[in-house]
Amino acid sequence: MDAKEQAAGERRVKDHLIEPLKKLGLAKPTSLTVAQFDAMVADLGGKLAYMSELNLQALAEQVANMPGGKDRDRFPIAAKILGWAAEIQPPADDASPLFRAVFAHALGQRALAEGWAPELLAELRRVRVWPREYDLRQVQDRAGDARRRVARLEEQLRRGDTVSPQDQTFQQRRAAAEVKCRRIAALALEVTA
């Protein structure tokens with residue numbers, strides 16, 4: 001997302017999420033100062049700029065029905081709003097700081113080199129937390145199965161055998177995921193360079 005798209009997205013967040021909620025009477029959380037609330041709103045604008053107008057409206061409706069505070073008249077904290085937003089419209093993989101950090105890290109680079117990056121990406125999408133050692137072993141096991149399946153399919157093709165449409169789709173999706181992982185890593189490494 002370039003600067004122009006980011007600015008347009010932030011305006012959408014303001015117009016279709018923040019302002020409608022303020023018009024409903026939702027106030028700042030009592031635990032925040034005015035400056036902290038303004039910073040929270042600005043941060044939400046930046047982080048939710050990827051969302052479509054329709055999905056922002058859906059998020060506004062959900063926030064309005066689940067307000068914070070003991071009197072249920074306050075903006076929920078940003079973490080809750082961001083969680084609901086991710087359920088309604090998850091951010092693109094290459095927009096996630098977590099995904100970028102993982103693939104820029106030695107862990108992600110190792111996954112790319114050893115051929116288990118697509119399964120690591122799937123795990124990150126599923127749990128959205130930095131992978132632990134136990135999780136990595138499971139990811140590598142799944143990747144081993146996938147790599148064996150791809151090797152078997154490639155061998156069938158070399159022999160001139162036909163492969164099922166499901167197997168072709170599997171192979172194409174895994175290859176596309178590999179390309180996506182490399183793109184995420186490249187984006188992350190550009191930022192850190």
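Let me start with Leu17. In this predicted model, and setting aside residues up to four places away in sequence, Leu17 touches Arg12, Leu48, Leu56, Leu59 and Ala60. Leu17 also belongs to the largest nonpolar core, which has 20 residues. Within that core, the residues that touch the most other members are Leu17, Leu48, Leu59, Phe75 and Ile81. Four helices each give two or more residues to this core: α1, residues 3–23; α2, residues 34–47; α3, residues 53–65; and α4, residues 78–88. Apart from this core lies another, of 17 residues, and its members include Phe103, Ala117, Leu124 and Ala185.

I turn next to α2. This helix has 14 residues, and from its first C-alpha to its last it reaches 20 Å, close to the 20 Å expected at 1.5 Å a residue. Which residues of α2 are buried? They are Phe37, Met40, Val41, Leu44 and Gly45. Viewed down the helix axis, the buried residues of α2 fall within an arc of 140°, so they line one face of the helix. The general background is that an α-helix has 3.6 residues a turn, so residues three or four places apart point the same way. On the face of α2 turned away from the buried side, we find the exposed residues Ala35 and Ala42. The cover over the buried residues of α2 includes α1 and α4.

One of those buried residues, Phe37, takes part in an aromatic contact. How many aromatic pairs does the count give? The count comes to one. Phe37 and Phe75 form this pair, and its geometry is edge-to-face, with 5.2 Å centre to centre and 65° between the planes. The pair links distant parts of the chain, since Phe37 is in helix α2 while Phe75 is in the loop between α3 and α4, 38 residues apart. Both Phe37 and Phe75 are buried. As I noted, Phe75 is also among the core residues that touch the most other members.

The loop between α3 and α4 also holds Arg72. Arg72 has a positive phi of about 55°, although it is not a glycine. In general, most residues other than glycine have a negative phi. Arg72 is partly exposed, with a relative accessible area of 49%. A second residue of this kind is Arg128, a residue other than glycine whose phi is positive and near 55°. Arg128 is found in the loop between α7 and α8, and at 30% relative accessibility it counts as partly exposed.

Let me move to α5, where Phe99, Val102 and Phe103 are buried. These residues cover an arc of only 90° around the axis, which puts them on the same side of α5. Phe103 is also one of the members of the core of 17 residues. In the loop between α5, residues 97–104, and α6, residues 106–114, we find His105. His105 counts as partly exposed, at 39% relative accessibility. His105 and Ala92 are 13 residues apart in sequence, and their C-alpha atoms are 19 Å apart in space.

Two buried acidic residues deserve attention. Glu119 lies in helix α7, residues 117–127. Is Glu119 buried or exposed? At 12% relative accessibility, Glu119 counts as buried, because the cut-off for that class is under 20%. Not counting residues up to four places away in sequence, Glu119 touches Val139, Arg142, Ala143, Ala146 and Arg174.

The other acidic residue is Asp167, in helix α9, residues 165–192. Asp167 has a relative accessible area of 17% and is therefore buried by that cut-off of under 20%. Leaving aside neighbours within four places in sequence, Asp167 is in contact with Arg149 and Leu153. Arg149 has a further partner: its charged end sits over the ring of Phe170, 4.0 Å from the ring centre.

I close with Gln138, which is placed in helix α8, residues 133–158. Gln138 counts as partly exposed, at 32% relative accessibility. Between Gln138 and Glu123 there are 9.5 Å in space, C-alpha to C-alpha, and the two are 15 residues apart in sequence.

Notes. Residues are numbered from 1 along each chain as its sequence is written. This is a predicted model: local features need pLDDT of at least 70, side-chain atom pairs count only at pLDDT 80 or more; totals for chains, interfaces and linings use all residues. Side-chain values use heavy atoms; hydrogens and water are left out. A nonpolar core is a set of buried Ala, Val, Leu, Ile, Met, Phe, Trp, Tyr and Cys residues joined through side-chain atoms within 4.5 Å. Buried means under 20% relative accessible area, exposed over 50%, partly exposed in between (1.4 Å probe, protein chains only). Contact means heavy atoms within 4.5 Å. Rings of Phe, Tyr and Trp (its six-membered ring) pair if their centres lie within 6.5 Å; planes under 30 degrees apart count as stacked, over 60 as edge-to-face and the rest as tilted. A charge sits over a ring if NZ of Lys or CZ of Arg is within 6 Å of the ring centre and within 35 degrees of the ring normal. The expected span of a helix is 1.5 Å times one less than its number of residues. The arc is that of the directions from the helix axis to the C-beta atoms.
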